[in-house]
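Here is a set of questions and answers about salt bridges in one protein model. Look at the structure, then read on.

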Amino acid sequence: MGLFKKINNFSNLRKIQYLPRWIIFSIDVFIVIFSAILGHLILKGIGIDFRPVTNVPLIFVLFIATHIFFFWYFKTYTGIIRHTTLIDAAKLFFIEFLCFITLYLLNITVEFINGERLFLNTRLLICIAVTYAGLLAFRLIIKVSFDFFSEYSQKDSYIKAVIYGSGERAIAIANAIDSEIPKKYKLQGFISPTSKSSYNRILNIPIIAKTRKVSILVRSFGASTLILADDNLSKDEKIEIIEDCLEYNIKVYNLPRLTDINDQKKVASNIRKIKIEDLLERKPIQISNCQISSQIKDKTILISGAAGSIGSEIVWQVAAFNPKRLILLDQAETPLHQISLEISKCNTTAEVILLIADVRNLDCLERIFQDYNPDIIYHAAAYKHVPLMEMNPQQAIFTNVLGSKHMADLALKYKADRFVMVSTDKAVNPSNVMGASKRIAEKYVQSLAQKLKKEQHETTKYITTRFGNVLGSNGSVVPLFTKQIENGGPITITHPDIIRYFMTIPEACQLVLEAGSMGKGGEIYIFDMGKPVKIIDLATKMIKLAGMEPEKDIEIKVVGLRPGEKLYEELLNDSSTTLPTHHEKIMIAQDIHEDYEYITQQIEQLKGFASSYLILDAVATMKKIVPEFKSLNSKFEKLD
């Protein structure tokens, strides 16, 4: 037991980051002295007769002084010994070669002048060889000892990992992980998707060809973690690997390119867990930056709801195109202040203007339009939480309907070039007040655009974008599930069969910008969002991605549908069709256009009921404007 305690005390060596330079230099000089003596004894021990040397002290001093000079010149003592590589060995060999050449030339010169040599060249060669062996051995001993004690002291805390890939990136990651202090991962092997042989090794770590499922190969290494390091993996292949590993509770991690990591010494800290966004079952949208840039650059851009999850991302993406002026409008003071702090660090030439205002306040909005006369408006301000709007229908009317009408009317009055409204798939065959309020806003914007076309008065182009749930946005299921998992569960879902379409926040905002650039006026743009996702499957994957087991570590609890909630969302009304655009993932919904005068009259009536807090009359009017609005699990079902 005493021996193990002593060994364990050596584990503190791993806390030493590097040896001081003077210690390395002193040890190197000692090795030179020792090698000179050992070389002399080796030659003497051979038993060959040679002329005795009388000036031994001078030779000794010359040998040491030459080495000290070259150690100083090439800074051999400045390296970190535990990271000794083949390059360091080659550098030492070069230094010893220079020492040999220098002393050899000195010996020849002295012989030419005095007629006799200072020393035997054989002695010099032996001493040089012994010195090189000693210097290299010293560095290797330190490196091996450090690795041994570091590994011994941490053997129980290592995460046993396998790297998927065997190319240059995988090797670079393996090297970085292996040299990181403190070490977090213990690499067990590589899985090569291209290799046909399982007998090769890299960095003395075995490579296994991908002949079976990845989960089986990872378990064969005795590992619990897979690090993806193959740039050639397609989206489908990555999803297949991740879902296969999650079935067996194998944690899957991803790593950005090494060039994207600020501190190359902290590679392990940049290895991140696979996020649920990585499992989105479709290819990410790509947009036409040139067309967007030409419309935004040097223009005045107004973004309502700029502090929200969608609005703030629009801010970031628009800022990158360097508009002349960027007006950020929101009623939420703290989030707007936060985005102002962040946007100040952004590399944009735009003048950023922050405005605390409510889209329900027409007089306030009018003053803003008078002062800044925006060229393009991105209208993202809205109430979006279904249960809250079901309890407060008048607020949905004030913000989602009247707020949108105010913004659209002012865009026309002040001759804005484009008005882009952010809508939702909940506006399609709505089953709740929130969705119906967004559908009324869509109808008004479309009817206004059609009225302008008929009058040949197309000063402003009105465009609507419609998409599904946004991963990571305020109030979406992903942040909710994440928080519930962190709290130990349960995860609450409303129904085991409920499904939703999903997209990421950047994708949603890219759609808004793309639609804003391509729109001619009056269109509703929808996005091919791929396959709908079953919420219970989403919850299960998130639990597994967190390294836990559903129902065992985290319970999934069904709590019942909320007021106004549907089992599934749609992107088109039953009577709607679609037209393709130049972008394969973006389509135009062909809805029936309402008469502008009729919609305006109905909205005024709606405004009167909402202002008087006549809730049932207000919702009944919403159902009149949107005949397909059928309430679900709601007190307003009696109005259908």
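Q: How far apart, N to O, are the side chains of Lys541 and Glu243 in their salt bridge?
A: This is a predicted model, in which local features need pLDDT of at least 70, side-chain atom pairs count only at pLDDT 80 or more, and totals for chains, interfaces and linings use all residues. Residues are numbered from 1 along each chain as its sequence is written, and side-chain values use heavy atoms, with hydrogens and water left out. A salt bridge puts a side-chain nitrogen of Lys or Arg within 4 Å of a carboxyl oxygen of Asp or Glu. For Lys541 and Glu243, the N to O value is 2.6 Å.

Q: How many residues apart are Lys541 and Glu243?
A: Helices are DSSP runs (H or I, at least four residues), numbered from the N terminus. Lys541 lies in helix H19 (residues 535-545) and Glu243 in helix H8 (residues 235-247). The pair links distant parts of the chain, and the separation is 298 residues.

Q: Is Arg439 buried or exposed?
A: Buried means under 20% relative accessible area, exposed over 50%, and partly exposed in between (1.4 Å probe, protein chains only). Arg439 has a relative accessible area of 2%. Arg439 is therefore buried.

Q: Which residue forms a salt bridge with Arg439 at 3.9 Å between the closest N and O atoms?
A: The partner is partly exposed, with a relative accessible area of 23%. The partner of Arg439 at 3.9 Å is Glu628.

Technical notes:
Helices (H or I, at least four residues) and strands (E, at least two) are DSSP runs, numbered from the N terminus.
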